[in-house]
Structure formats: C-alpha cells, structure tokens
Amino acid sequence: MKRIFIISLLPAMFSCNNGKTVPSENPVVMSVDSFKNELLELSSDEFQGRKPFTAGEEKTVNYIKNKFASLGLEPGNGESYFQDVPMSNIKATADSVMNIESPYGKIKLKAPQDYIVWTDRTETKQTLDKTEFVFAGYGVVAPEYHWNDYAGINVKGKVVLVMVNDPGFQYGDNSIFKGKTMTYYGRWMYKYEEAARHGAKGCLIIHQSEAAGYPFKVVQGNFNTSRMQLDYRGKEKPNCDMIGWITDSAAVKIINAAGFNGVELMKTAGTRDFSAIPLPITASTSMKVQVEYNSTKNVIGKITGSKYPDETIIYTAHWDHLGIGVPDEKGDSIYNGAFDNATGVVGLFEIARAFKNAATPPERTIVFLSVTAEEQGLWGSAYYADHPLFSLEKTVANINMDGVNYLGITKDVISVGKGLSELEDLLAIEAKKQNRYLADEDHPESGYYYRSDHFNFAKKGVPSLHFDDGVDMEGYTKVEVGKLKDEYRLKHYHRPSDEYNTSWKLEGAILDLELYFKLGTTLANCRTWPKWKIGAEFKRTREKSDAARL
C-alpha cells in the first residue's frame with residue numbers, strides 16, 4: 001500500500017532576532033514510494049558504484065542534474081549545475097610483501113592480509129629500502145590538550161607506527177582529550193598529515209576494530225585500487241612517500257621483534273608520560289605509481305530566497321561511492337553504496353521537492369549541494385569550502401546527510417558531535433514536535449563528526465549539523481537496535497553488500513527527512529545566525545566572519 005507522510009510547517013520556537021516566528025504553511029507531501037524508487041535506481045549496478053573518474057560518475061552527476069532541473073531548482077553555479085573539482089587519481093600498485101629485518105631475525109608481512117599501503121605522491125615509484133621505524137604513540141600534536149607525541153624525536157626519513165583514535169580512547173579517561181569520544185586528532189587523515197609535517201617517509205596506523213569503528217576488511221577492500229586527492233600541482237603540500245594500515249597482530253609481531261613487548265608498549269601510548277621510541281627494525285617494500293589528472297564534479301542547485309537571496313542554508317550529501325573493487329565472498333565487485341550515500345542524495349530530492357511545493361518560498365536561499373569524492377577524503381566539500389559559490393560569511397548553516405535511516409521510525413534523534421553548535425538546540429525543538437527527543441551518540445569513539453562533508457564547512461566556521469537515527473524503536477530494545485546498526489557497520493559498510501534490501505523500513509527515512517526540512521525552513525525564515533557553543537574548536541573562526549559580515 002502506498003505510504004504518504006504529510007509535513008505541516010508549525011510555528012517555530014527557535015529564537016529570532018526580529019521576534020518573528022516561522023509562518024504556517026500548507027501541507028507538503030513526502031512519499032516512501034518516490035524515495036524507494038529513486039534509491040533503487042541510484043544504487044543499482046547501472047551506476048557502477050558511482051566512483052569519480054569512471055563512467056559511473058558521468059551517469060550519476062547527469063542523473064542528479066536532471067533530477068534537480070525536473071524539481072524546478074535553479075542552477076547553482078551561474079547557468080550550470082556543476083562545479084568542476086580538479087583532482088589527481090593515483091593508482092599505486094604495491095608489492096605483495098614487506099620485508100622486516102630485526103635483531104631477532106626477519107619477518108615477511110603479506111599484503112593485504114597484514115597491511116595495506118598507498119601513496120598521495122605522484123612520482124612513478126615509491127620505495128622503502130631498509131627504512132627505520134619509530135613508534136610514535138598516537139601520532140598527535142595537540143597544544144590545547146598539552147600533548148605532543150613527536151616531542152624529542154627525529155622521524156625524518158623514517159616510518160612512524162601510530163595508533164588509531166585518540167590518546168584518551170584506551171582507558172576512557174576524560175581528562176585526556178575527550179576520553180572515548182574521538183576528536184579530529186583521532187582521524188586517519190590527520191595522522192598521515194602530521195607525520196608528513198615532521199618529515200616522515202612513511203606512516204602506518206595500527207588498526208583495532210573498536211578504535212577504528214570498522215573491521216580491517218573495510219580497508220582491505222581498497223588495496224591496490226586508485227585513490228584521489230585534489231590536484232596540488234604547483235602548491236606546497238607535504239606528503240609521506242608511503243602511508244597505510246597495519247593489523248594489530250602484525251604490529252605486535254614487529255614491535256616484539258624489535259625487543260619490546262608490543263601489547264604493553266601500545267598500552268603506554270595513552271598515558272601522559274609516553275615518549276616516542278625508535279625501533280631497531282627496518283622495512284623494505286615498493287610500489288609503482290600511475291597518475292591521472294582530471295576533474296570530477298559537485299552538483300549544485302538552488303531556490304533563491306525571496307527576501308535575503310545572498311544568505312544561504314546549504315544542504316549537502318555526497319554522491320560518490322567506491323566503484324568497482326575487490327570482489328566479496330559472493331563474487332560481487334560493485335560497491336553500490338545504497339545507504340552510504342544514495343539515501344542522502346535521494347534525501348536531497350525529497351527536501352527540494354518539499355520546498356518547491358511549499359505555499360511560500362523561503363526568505364533565505366536554499367542550496368542543494370551533492371559533492372564528489374567524500375569517500376576519498378572529503379575532497380568535493382573541501383574544494384567547495386576553498387572555492388565557495390556562495391559567501392561562507394553569509395552561509396547561515398550547513399545541514400549534511402550521510403546515510404538516511406532505513407531501520408524504521410525511532411523516538412530519539414542523535415546529534416552527531418553533540419554540544420558543538422546552537423543548531424543542536426533547533427534540532428531538539430523540531431524533534432520534540434515529532435514527539436521525539438535528542439540522545440547521545442551510540443559510538444562517540446568513531447568520530448563521525450569529523451568523517452563527513454559538514455566538517456569542511458565547520459573548519460571554515462560555518463555552523464554545521466549532521467544527525468543520525470536513534471536506537472529507541474517501538475518493538476525493539478535499544479540494545480537490539482544498536483546491534484542492527486553495528487551489523488551494518490561490521491558487515492556492509494564500504495562493501496558490495498551495501499545494497500537496497502526489501503526489509504528496509506523507509507518510514508523512518510521520511511520522518512527524518514521531515515526533520516531536515518523543518519530545520520531548513522526555520523533557518524530560512526528566521527533572522528537568527530546560529531553560533532558555535534563555548535569550547536567548540538570552530539567558534540573563533542566563525543566569530544571572525546561574523547565581524548566581517550556585520
């Protein structure tokens with residue numbers, strides 16, 4: 001039976017500078033059927049996993065452009081729906097072994113069973129030739145947390161071995177960083193960048209499933225596949241020659257071979273008296289590198305504001321996934337990315353349709369931005385943030401969708417990165433109108449706030465929101481729902497099995513999209529500029545842009 005959800009725009013309680021509230025609107029229709037049909041199409045094998053620089057990209061971006069146009073959205077970049085994002089596509093073909101020499105003999109690590117490596121450099125070959133190792137703890141330099149894992153150690157020309165996540169993770173000690181809650185310093189990309197800033201030749205992150213938030217097989221799927229980054233030709237950007245992941249067991253093996261107790265040494269990395277330690281071992285391996293330079297595309301449409309067209313609310317959802325890669329146990333090699341993130345892109349369509357069907361247009365401009373290369377390192381949103389089509393100083397907020405609820409209607413809503421901005425307060429108000437409540441993250445250790453496109457807006461000071469479906473669902477215990485979410489993370493995340501399933505209960509998706517829509521509607525018709533809360537690392541940046549805007 002066809003399921004229809006009616007969205008009523010109720011007067012907002014969010015504080016406005018002019019004291020006005022959001023006017024009531026006529027009902028707007030969102031449909032489970034339209035969401036499902038578009039999701040089935042966008043996540044089908046026909047789109048070949050939607051990887052940039054492939055035939056799947058061309059099909060995907062044209063599909064989104066045509067959908068935006070059919071919904072009545074205006075082009076967001078002058079007369080075009082596209083923003084070109086110049087990138088390099090780096091295909092590194094690594095040796096199948098890494099030879100370790102130590103005082104206690106030789107070890108042969110195998111790829112991708114024990115480790116995977118790649119490079120962000122563009123030279124035709126990268127080599128480790130009896131390169132020395134340093135165990136650098138968590139590989140973090142964070143003055144605000146009084147932490148420097150590189151203090152007193154020279155890693156230039158060496159491989160640094162570092163732990164995943166933050167120093168506070170191991171013991172859940174909230175006096176060290178944020179305890180179990182990951183900060184940006186826990187992210188893998190930060191660790192590679194920090195190692196490069198210190199002149200390291202290589203950086204290997206020790207993988208532990210709980211600390212990483214996903215099993216090692218997730219990163220194994222990327223072995224010897226192409227990776228992308230922005231085109232940095234002519235620009236100074238330090239990169240290690242070789243970067244990658246190593247299993248916990250392989251790391252313990254080589255640390256033991258260096259004459260230390262690997263398990264015990266890694267435990268010391270989360271204590272304040274830790275100091276980086278040179279390891280008397282060397283590594284030898286190599287990789288061949290092929291580079292292609294090209295442009296991928298962000299897709300952008302807009303609804304021009306009726307009163308304040310230069311002030312924008314930007315909805316984002318990345319269109320890309322992993323393309324065609326290593327086959328899974330069933331022989332399937334297409335990484336469809338149905339949940340991650342065809343659901344988010346289709347969510348843009350539903351929200352755009354709701355705005356276009358509203359009785360009155362929004363007072364501020366609404367931008368719908370589907371970005372590229374999120375899976376490769378948030379590159380499409382990073383490029384937009386550096387080359388904005390709409391002034392970031394006059395961007396009221398970014399609302400990001402990276403995976404829309406398919407489990408069913410939940411009573412709770414999880415604000416990812418809780419406590420950062422006033423957008424969270426608005427979220428709580430609008431959720432209450434749905435008889436729902438705001439809850440804490442179920443996996444704060446995974447650092448999801450720093451893992452999707454809203455983060456690039458946040459770094460520029462734009463208040464940015466991403467929320468997740470909760471675990472309070474009728475007919476289930478919270479533990480049972482948590483296990484269902486964990487099942488996706490452990491079995492389907494970044495794997496070919498992330499496909500549409502007929503058991504999905506998309507009523508939850510529609511309810512969440514209603515919430516996304518109401519957030520944007522309130523912000524569009526209110527003179528308030530949301531702010532970062534005290535302690536948010538982006539607060540100072542926004543205050544500077546606020547001063548410039550005023």
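How many of the 10 residues of α3 are buried? The count is 8, so to be read under the cut-off that buried means under 20% relative accessible area. The legends below refer to a predicted model.

**View 1. Helix α3 is mostly covered.**
The helix spans residues 188–197. Its buried residues are Trp188, Met189, Tyr190, Lys191, Tyr192, Glu194, Ala195 and Ala196. What do these buried residues pack against? Five strands appear in the list by name: β7 (115–118), β9 (141–142), β11 (159–163), β12 (202–207) and β14 (242–247). The helix α9 (379–386) is a packing partner too. Just after α3 comes Gly199. Gly199 takes a positive phi of about 85°.

**View 2. The largest cavity has a lining of 17 residues.**
A search of the whole structure finds 7 cavities of 30 Å³ or more. The largest cavity holds about 200 Å³ of space. Which residues lie nearest its centre? They are Asp120, Trp188, Met189, Tyr192 and Ile243. Trp188, Met189 and Tyr192 are also among the buried residues of α3. α3 gives the largest share of the lining, with 5 residues. Strand β13 (226–230) supplies at least two. By type, the lining has 10 nonpolar, 3 polar and 4 charged residues.

**View 3. Gln229 sits in strand β13.**
Is Gln229 buried or exposed? Gln229 has 4% relative accessibility. Buried means under 20%, so Gln229 counts as buried. A polar atom of the Gln229 side chain lies 2.9 Å from the backbone oxygen of Asp120. Asp120 is one of the residues nearest the centre of the largest cavity. Leaving aside neighbours within four places in sequence, Gln229 is in contact with Met87, Ser88, Ile90, Asp120, Asn239 and Trp379.

**View 4. Thr365 lies in strand β19.**
The strand covers residues 364–371. Thr365 has 1% relative accessibility, so Thr365 counts as buried. Where does the side chain of Thr365 reach? It reaches the backbone oxygen of Pro309, at 2.7 Å. Pro309 is also on the contact list of Thr365, which leaves aside neighbours within four places in sequence. The other residues on that list are Lys302, Ile303, Thr304, Gly305, Tyr308, Glu311, Thr312 and Ile313. Ser415 is 50 residues from Thr365 along the chain. The C-alpha atoms of Thr365 and Ser415 are separated by 24 Å.

**View 5. The protein chain as a setting for the close-ups has 14 helices and 23 strands.**
Of its 550 residues, 60% count as buried. The C-alpha atoms fill a box of roughly 75 × 55 × 50 Å, taken along the principal axes. How does the radius of gyration fit a compact globule, and what is the value? A compact globule with 550 residues would have a radius of gyration near 24 Å. The protein chain has 24 Å, so the two agree. Now take contacts between residues at least 6 apart in sequence. Of these, 82% join residues at least 24 apart.

Note on methods. Residues are numbered from 1 along each chain as its sequence is written. This is a predicted model: local features need pLDDT of at least 70, side-chain atom pairs count only at pLDDT 80 or more; totals for chains, interfaces and linings use all residues. Side-chain values use heavy atoms; hydrogens and water are left out. On a 1 Å grid over the protein atoms alone, a cavity is a set of points where a 1.4 Å probe fits but cannot get out, and a pocket is an open set with protein on both sides within 12 Å along at least five of seven lines; lining residues have an atom within 4 Å of a point. Grid points are joined across faces, edges and corners, and a volume is the space filled by probe spheres set on the points. Helices (H or I, at least four residues) and strands (E, at least two) are DSSP runs, numbered from the N terminus. Ala, Val, Leu, Ile, Met, Phe, Trp, Tyr, Cys and Pro count as nonpolar, Asp, Glu, Lys and Arg as charged, and the others, Gly among them, as polar. Buried means under 20% relative accessible area, exposed over 50%, partly exposed in between (1.4 Å probe, protein chains only). Contact means heavy atoms within 4.5 Å. A polar contact is a pair of N or O atoms within 3.5 Å; within protein, one must be able to donate a hydrogen and the other to accept it, and residues adjacent in sequence count only if both atoms are side-chain atoms. The radius of gyration is taken over C-alpha atoms; the globule rule is 2.2 Å times the number of residues to the power 0.38.
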